[in-house]
Amino acid sequence: MRKIAIWGIADIGQLVIKQIKGYFKEWEIVSVIDNNPDAQKIEILGCPVEPPESGLDVAKGVDLLIICSSNYYEEIGTEAVQKYNFPEERILFVKTSWPSGLQMHPAIRQENIRFMPLSENLEYIKNVIEELKASEGILNSIGIKYGTDKASIMIVENGIRLTHDYLRHYDRLFQNARNEKKTICELGCGNGASLKMWKEYFTQADIIGVDINPRAKGFEEERIEVICGNSTDEATISQLRDKGQFYAIIDDASHAWGDMRVSFEKLWDLLESGGIYILEDCFCGSQGAFAQYPPVVYDSQSIFDYVLSRAKILNFCKDWNPEYNHYHFNHLPDKVKQIERELDCITLIYGACIIQKR
Ligand SMILES: C[S@@+](CC[C@H](N)C(=O)[O-])C[C@H]1O[C@@H](n2cnc3c(N)ncnc32)[C@H](O)[C@@H]1O
């Protein structure tokens, strides 16, 4: 059994430590260190968190000291070597503030660990960080900053919570429109976190939020407007119609399957050509997520199945043998047939459906 010490447990560091534990199955964590006195009050994986003096004392004989830090890894590494005489070739850095740090770059895995001097190690981790930044979408980091559960993690008191991790997918679709003058609509504003995120990400866009809870009106600011109402109601839809065409509509409202379908079918025409409609948290069922806001429509068909049924059209070339294929579709309501004709692409991810208009 080889031994590891970990220095740095702040927010994301705690999750990194859990992942390290997963990767380094045969290794034992013998010491957890943090300079912050508040951190020293807790335990990580059964290890008390200690200040550097006592923690490194325990850590003297370890095979590897992993420094989990967002910004100060260089200083901590130097301190470990210069002040505590820790052998520099046994220090490894894991950058923690960048969300992809959570996915543990393959280079950081046990089988790829190379022991090297501090200076090379610093160079190495800087390259890893650059690689991570290149592979990670900016939208996720903005989402984490504002605390929406669409991001990969949420920073909460005493640590972090894993959340839906939708944003890296959205980023790929949205990035070309980031600086264009667009209008974005989100159904369901929560505490306003995602409205702020969209505003920062889409630098020129107007953000229109919809929420049944009148308190959401308080989230209004420059480029953010909120319409209060039920997202399925004609009165709400007609106010949205006055805003023109939307580049993206994100349904993060009641999450009840019936409500999601009704809003989708009513709002489809407000989506511009090439626009993107997103249905989030599709796992919430026919009752939705909010007891205080029961669904207007109870569908027993899951919204995922509804979208999959629409996707069937993508399997037929529209000009190829239309008579033969027609019976698949002729029983559908006209609105649904129209939506299917206008579909360009459907992407299914864990928990959400992303539908692009032709
Ligand atoms: C999950 S929260 C939205 C979180 C927010 N989008 C974020 O990511 O930060 C859902 C919101 O939907 C609102 N809501 C629930 N049912 C609704 C409905 N039928 N129409 C409009 N808003 C609704 C709730 O009041 C709540 O604020």
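Begin at the loop between β8 (159–162) and α6 (167–174), where aspartate 165 is located. The model on display is a predicted one. Select aspartate 165 and inspect its backbone: phi is positive, about 65 degrees, although the residue is not a glycine. Is this aspartate 165 buried or exposed? Aspartate 165 counts as buried because it has 20 C-beta neighbours inside 10 Å, and 20 is the number from which a residue is classed as buried.

**A second loop with positive phi**

Move next to the loop between β12 (246–251) and α9 (257–267), and select histidine 255 there. Its phi is near 70 degrees, again a positive value in a residue other than glycine. Histidine 255 is buried, since 23 other C-beta atoms lie within 10 Å.

**The whole chain**

Zoom out to the full protein chain, which contains 12 helices and 15 strands. Of its 358 residues, 40% are buried. Among contacts with a separation of 6 or more, 65% are between residues 24 or more positions apart.

Colour the chain by pLDDT at this stage. The average for the protein chain is 84, and 78% of the residues score at least 70. Then select residues 98–103, where pLDDT stays under 50. For this segment the model has 25 contacts beyond four places in sequence.

**The ligand shell**

Centre the view on the ligand and display the 22 residues that surround it. Which of them are the closest? They are Thr148, Gly188, Gly190, Ser194 and Ser254. By residue class, the shell consists of eight nonpolar, eight polar and six charged residues. Highlight β9 (183–187), α7 (193–201) and β10 (206–211) in turn, each of which supplies at least two residues of the shell.

Stay with α7 and show its side chains. Ser194, Leu195, Lys196, Met197, Trp198 and Tyr201 are buried in this helix. To see what the buried residues of α7 pack against, add α5 (138–146), β9, β10 and β11 (224–228) to the selection. Ser194 thus appears both among the residues closest to the ligand and among the buried residues of α7.

**The nonpolar cores**

In soluble globular proteins, nonpolar side chains tend to be buried together. The largest nonpolar core here has 52 residues, and Ile184, Trp198, Ile249 and Leu279 touch the most other members. Strand β13 (residues 271–279) gives this core its largest share, five residues. A further core, of 27 residues, lies apart from it and includes Cys47, Val49, Val62 and Ile66.

Return to the larger core and select leucine 279. With neighbours within four places in sequence left aside, leucine 279 is in contact with Asp251, Met260, Phe264, Ile303, Val307, Ala352 and Cys353.

**Isoleucine 276**

Finally, select isoleucine 276, which is located in strand β13. Isoleucine 276 is buried, because 23 other C-beta atoms lie within 10 Å. What does isoleucine 276 touch, not counting residues up to four places away in sequence? Its partners are Leu173, Ala248, Ile354 and Gln356. As a last step, draw a distance between the C-alpha atoms of isoleucine 276 and isoleucine 250: the two are 26 residues apart along the chain, and the separation is 8.3 Å.

Technical notes. Residues numbered from 1 in each chain as written. Predicted model: local features only at pLDDT ≥ 70, side-chain atom pairs only at ≥ 80, totals over all residues. Near = placed C-beta within 6 Å. Helix = DSSP H or I, 4+ residues; strand = E, 2+ residues; numbered from the N terminus. Nonpolar A, V, L, I, M, F, W, Y, C, P; charged D, E, K, R; others polar. Core = buried A, V, L, I, M, F, W, Y, C linked by C-beta atoms within 7 Å. Buried ≥ 20, exposed ≤ 12 C-beta atoms within 10 Å, placed from the backbone. Contact = placed C-beta atoms within 7 Å. pLDDT = per-residue confidence, 0-100.
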